[in-house]
Amino acid sequence: MEERAKHHLKWPEKSRIEEIKSNFKAKFSFPNCCGAIDATHIIMTLPAVETSEDWCDQASNYSMFLQAIVDDELRFLDIVTGWPGSMTVSRLLKCSGFYKLCEGGKRLEGEFIVGKAAYPLLPWLITPYNDDESNDFFNTKHEAIRVMAERALSMLKGAWRILHKVMWRPDKHKLPSVILVCCLLHNIIIDSGDVLRDDVPLSIHHDLGYEEKSCDQVTSRGTVVRENILRHLQSHECHQLV
């Protein structure tokens with residue numbers, strides 16, 4: 001499955017990126033946005049001989065992280081898994097190949113994804129304004145896109161309940177493959193034009209019980225990009241009112 005279906009989960013070609021950006025702009029007025037990022041814990045029990053503080057997360061569960069980036073159709077464009085759930089999401093991001101590609105200028109050139117306040121503000125990852133910088137107008141627009149990643153993970157865990165339940169002593173070396181295959185199946189459903197029943201996605205948050213602190217990392221270039229987006233949104237709002 002991993003080999004034969006891998007074409008269902010890959011970073012899009014330039015033409016598809018342009019289509020995603022156009023769709024996000026049409027729906028939410030955000031220019032150059034091509035995705036939303038979020039992460040979720042896959043909870044498990046471990047044999048006593050394998051227990052370790054590395055795998056014990058903030059909710060006192062043993063868990064493995066899944067980081068996902070989704071497009072405007074809730075399709076997974078990039079995933080990262082296999083890392084302990086004790087990490088912060090910002091640390092998980094920085095351990096990913098996606099981060100290294102973006103920082104190296106090989107991905108998201110002039111484009112960006114959106115994420116929650118637990119992520120750093122970077123030129124290619126735009127987070128909301130914090131409480132001290134209150135800007136509800138921007139944050140409301142930003143949140144409308146960001147929650148798409150939440151919805152995708154709720155669909156994933158709702159459709160493939162093995163990821164939502166507490167796994168009984170899984171092989172930590174094989175678990176990433178199980179998670180990947182579930183993500184592939186999620187994308188195959190979308191690519192096939194099928195639609196999940198309304199009662200399939202989780203009715204609760206996909207990571208219930210976990211709270212993330214805001215990340216303090218704010219880059220100057222990220223600040224400039226966010227301010228430019230804000231000005232664009234304000235200008236677009238004014239034109240609509242005229």
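This report covers the fold, surface and core of a predicted model.

## Fold

The chain has six helices and six strands. Their order along the sequence is α-β-β-β-α-α-β-β-α-β-α-α. Helices therefore stand at both ends of the pattern.

Contacts reach far along the sequence. Counting pairs at least 6 residues apart, 71% of contacts join residues at least 24 apart.

## Dimensions

The chain has 242 residues and a radius of gyration of 18 Å. A compact globule with 242 residues would have a value near 18 Å, so the two agree. The C-alpha trace spans about 65 × 40 × 35 Å along its principal axes.

## Surface and charge

Burial applies to 49% of the 242 residues. The accessible surface is about 12,400 Å². Carbon and sulfur atoms account for 51% of that area.

The chain carries 29 positive and 34 negative charges. The mean positions of the two sets lie 4 Å apart.

## Nonpolar core

The largest nonpolar core holds 67 residues. Phe30, Phe76 and Trp124 have the most contacts inside this core. Helix 4, residues 136–159, is its top contributor, giving eight residues.

Which residues does Phe76 touch, leaving aside those up to four places away in sequence? Leu9, Ala68, Ile69 and Val70 are among them. Ala152, Leu153 and Leu156 also touch Phe76, and these three numbers fall within the 136–159 range of helix 4. Cys183, His186 and Asn187 complete the list.

Key:
Residues are numbered from 1 along each chain as its sequence is written. This is a predicted model: local features need pLDDT of at least 70, side-chain atom pairs count only at pLDDT 80 or more; totals for chains, interfaces and linings use all residues. Side-chain values use heavy atoms; hydrogens and water are left out. Helices (H or I, at least four residues) and strands (E, at least two) are DSSP runs, numbered from the N terminus. The radius of gyration is taken over C-alpha atoms; the globule rule is 2.2 Å times the number of residues to the power 0.38. Buried means under 20% relative accessible area, exposed over 50%, partly exposed in between (1.4 Å probe, protein chains only). Contact means heavy atoms within 4.5 Å. Accessible areas come from the Shrake-Rupley method with a 1.4 Å probe; for residues, only the protein chains shown count as cover. Lys and Arg count as positive and Asp and Glu as negative; His and the chain ends are not counted. The place of a charge is taken as NZ of Lys, CZ of Arg, CG of Asp or CD of Glu. A nonpolar core is a set of buried Ala, Val, Leu, Ile, Met, Phe, Trp, Tyr and Cys residues joined through side-chain atoms within 4.5 Å.
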